[in-house]
Amino acid sequence: MIKQKVYLVFIFTITLTLVSAQKSVNQYDKDGKRHGLWTKNYYQTDQKRYEGTFKHGKEIDTFKYYTLSDGKSVLSAIKVFNENDSLAKTTFYTSKKKIISEGMMNGKRYIGQWTYYHKNSPQKMIVENFNDDGKLEGERAVFYINGNIAEKANYLNGELNGKSEWFSEDNLMLRESVYKQGKLQGLTKNYDKKGLIASEGNYKDDKKAGIWKYYKNGKITKEIDHTNQKVIKKYE
């Protein structure tokens, strides 16, 4: 009899605990704003969509977001929110929990420096910078899996602006160009797979302009006037 009473008290305690826990989740404050721990599932499933803590309607601390993979929730992103603004340190993950990219977000906008990684690798693939409006600003660099630079470019308010360079996987120069407000402007040089000059000339508004020089094995072979597309000189 005593054992039965103990068992009933135990079951009653567990039930109260579960009910209390359920009541402490997905609550609103007196103004109807989300407050405390919140968790949501995907529609008509028991699979989690997100979980995190609100303070009078404002996300604070760590939020975890999930995507459905074969009908199961898989962690896809973690955001760590500041309490006093809308900024969040954000990390995106693959289904195997490898980092895809990380940086700061303001709402849905990327801001500041973002780093992207090669698939299933800690090796950086892209490092780029965004202004407060979520547009590319400053240097953007792309890397090969071996760590060598593949591309360097500069941006201003979301458009290519300034010098851009491309390299081979063994770190040989392939091309160097200049952009202004998203368009090729000024001198461009192209190189062959040995790193020798292959052609050089100017662009104007994304089009070849004036006289271009062309090379083979680093030696000049001809000059073309791209104003009228005529060969003006050939070399023996």
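I began with contacts, which I took to mean heavy atoms within 4.5 Å. On that basis I looked up how the contacts of the chain are spread along the sequence, and found that, of those with a separation of 6 or more, 8% are accounted for by residues 24 or more positions apart. I note here that I am working with a predicted model.

**Overall form.** I counted one helix and 20 strands in the chain. I then looked at the radius of gyration, which is 29 Å for the chain, whereas a compact globule of 236 residues would have a value near 18 Å. Along the principal axes, the C-alpha atoms fill a box of roughly 110 × 40 × 30 Å.

**Surface and charge.** I found that 29% of the 236 residues are buried, and that the chain exposes about 15,800 Å², of which carbon and sulfur atoms supply 52%. For the charges, I noted 42 positive and 28 negative ones, whose mean positions lie 5 Å apart.

**Strands E9, E10 and E11.** I followed strand E9 (residues 124-130) to strand E10 (residues 138-143), with which E9 pairs in the antiparallel sense over two bridges; valine 127 has alanine 141 of E10 as its bridge partner. E10 also runs antiparallel to strand E11 (residues 149-156), and six bridges join these two. Here I picked out arginine 140, whose bridge partner in E11 is alanine 153. The hairpin of E10 and E11 has five residues between the strands, and in it glycine 147 takes a positive phi near 95 degrees.

**Positive phi outside glycine.** I kept in mind that most residues other than glycine have a negative phi. Which residue in the loop between E11 and strand E12 (159-160) did I look up? I looked up asparagine 157, which lies in that loop and has a positive phi of about 50 degrees although it is not a glycine. Asparagine 157 is partly exposed, because its relative accessible area is 41%, and partly exposed covers values between 20% and 50%. My second case was glutamine 181, found in the loop between E14 and strand E15 (183-184), where phi is near 50 degrees, again a positive value in a residue other than glycine. Glutamine 181 counts as exposed because its relative accessibility is 58%, and the cut-off for exposed is over 50%.

**Strand E14, leucine 174.** I next turned to leucine 174, which is found in strand E14 and counts as partly exposed at 30% relative accessibility. Not counting residues up to four places away in sequence, leucine 174 touches Trp166, Phe167, Ser168, Lys189, Asn190, Tyr191 and Asp192. How far apart in space are leucine 174 and leucine 196, C-alpha to C-alpha? I found 8.7 Å for this pair, whose members are 22 residues apart in sequence.

**Strand E14, arginine 175.** Arginine 175 also has its place in strand E14 (residues 173-180). Is arginine 175 buried or partly exposed? I entered arginine 175 as partly exposed, because its relative accessible area is 22% and buried would require a value under 20%. Leaving aside neighbours within four places in sequence, I found arginine 175 in contact with several residues, among them Ser164, Glu165, Trp166, Leu184 and Tyr203. For a pair far apart along the chain, I took arginine 175 and lysine 72, which are 103 residues apart, and found their C-alpha atoms separated by 46 Å.

Definitions and conventions
Residues numbered from 1 in each chain as written. Predicted model: local features only at pLDDT ≥ 70, side-chain atom pairs only at ≥ 80, totals over all residues. Heavy atoms only, no water. Helix = DSSP H or I, 4+ residues; strand = E, 2+ residues; numbered from the N terminus. Rg over C-alpha atoms; globule rule 2.2 N^0.38 Å. Buried < 20%, exposed > 50% of the residue type's maximum accessible area, 1.4 Å probe, protein only. Areas by Shrake-Rupley, 256 points an atom, 1.4 Å probe, with all protein chains shown as cover. Lys, Arg positive; Asp, Glu negative; His and termini not counted. Charge placed at Lys NZ, Arg CZ, Asp CG, Glu CD. Pairing = 2+ DSSP bridges.
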